[in-house]
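Dear colleague,

Please find below the structure that I am handing over to you. A short account of what was found in it follows.

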Amino acid sequence: MTREEAIKFAEHAVNMTGISEVKEFYRMAAAALTPPTQEQVNKAWRGEWEDMREAYNDVPKRRCSRCKRVFIGPDTPFCEACGAPMTDEAVEMVMEALFESRAD
Ligand SMILES: [Zn+2]
């Protein structure tokens, strides 16, 4: 299977399942396999907020799983330090931005 065939397969497979996590996996696979965006996607890839409440005596602090910076306050869609997308919506925004920039 060539890279191009793998991309086509992943893009087709998105429509073959009703499971949102599987759809997301195939979208991620297609994006990661696409040469012009692979590096950008990896750089901008998703992180998770780690709840640091326990470590800071119930102060609502959160830590970025990617850059390990600690922030205070409610969760945000992107890490304020490294810009990692933290939610499905944020990942979609990154993907849309990449596909738009690629069409230029
Ligand atoms: Zn971060």
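**The zinc site and the sheet beside it in sequence**

The zinc ion has four cysteines as its protein donors: Cys64, Cys67, Cys79 and Cys82, each through its SG atom and lying 2.3 Å from the ion. Please note that the model is a predicted one. The site is tetrahedral, and the angles among its four donor atoms run from 106 to 114°. Along the chain, the donors are spaced as C-x2-C-x11-C-x2-C. Cys64 and Cys82 thereby link distant parts of the chain, being 18 residues apart. Cys64 belongs to strand β2 (residues 61–64), whereas Cys82 sits in the loop between β3 (70–72) and α4 (88–103).

Are these two residues buried or exposed to some degree? Cys64 has a relative accessible area of 0% and is therefore buried, as this value is under 20%. Cys82 has a relative accessibility of 35%, so it counts as partly exposed, a class that lies between 20% and 50%.

Strand β2, which holds Cys64, is also part of an open sheet of three strands. The order in this sheet is β1-β2-β3, and the pairing is antiparallel. The edge strands, β1 (49–51) and β3, each pair on one side only. From one strand to the next, the twist averages 35°. Three bridges join β1 and β2 in their antiparallel pairing. Within the sheet, the residue opposite Cys64 of β2 is Trp49.

With kind regards

Note on methods
Residues numbered from 1 in each chain as written. Predicted model: local features only at pLDDT ≥ 70, side-chain atom pairs only at ≥ 80, totals over all residues. Heavy atoms only, no water. Donors = N, O, S within 2.8 Å, 3.2 Å for Na, K, Ca; no water. Tetrahedral: all angles 85-135°; square planar, octahedral: opposite > 155°, others 65-115°. Helix = DSSP H or I, 4+ residues; strand = E, 2+ residues; numbered from the N terminus. Buried < 20%, exposed > 50% of the residue type's maximum accessible area, 1.4 Å probe, protein only. Pairing = 2+ DSSP bridges. Axes fitted to C-alpha atoms, helices over the stretch in contact; angles between N-to-C directions.
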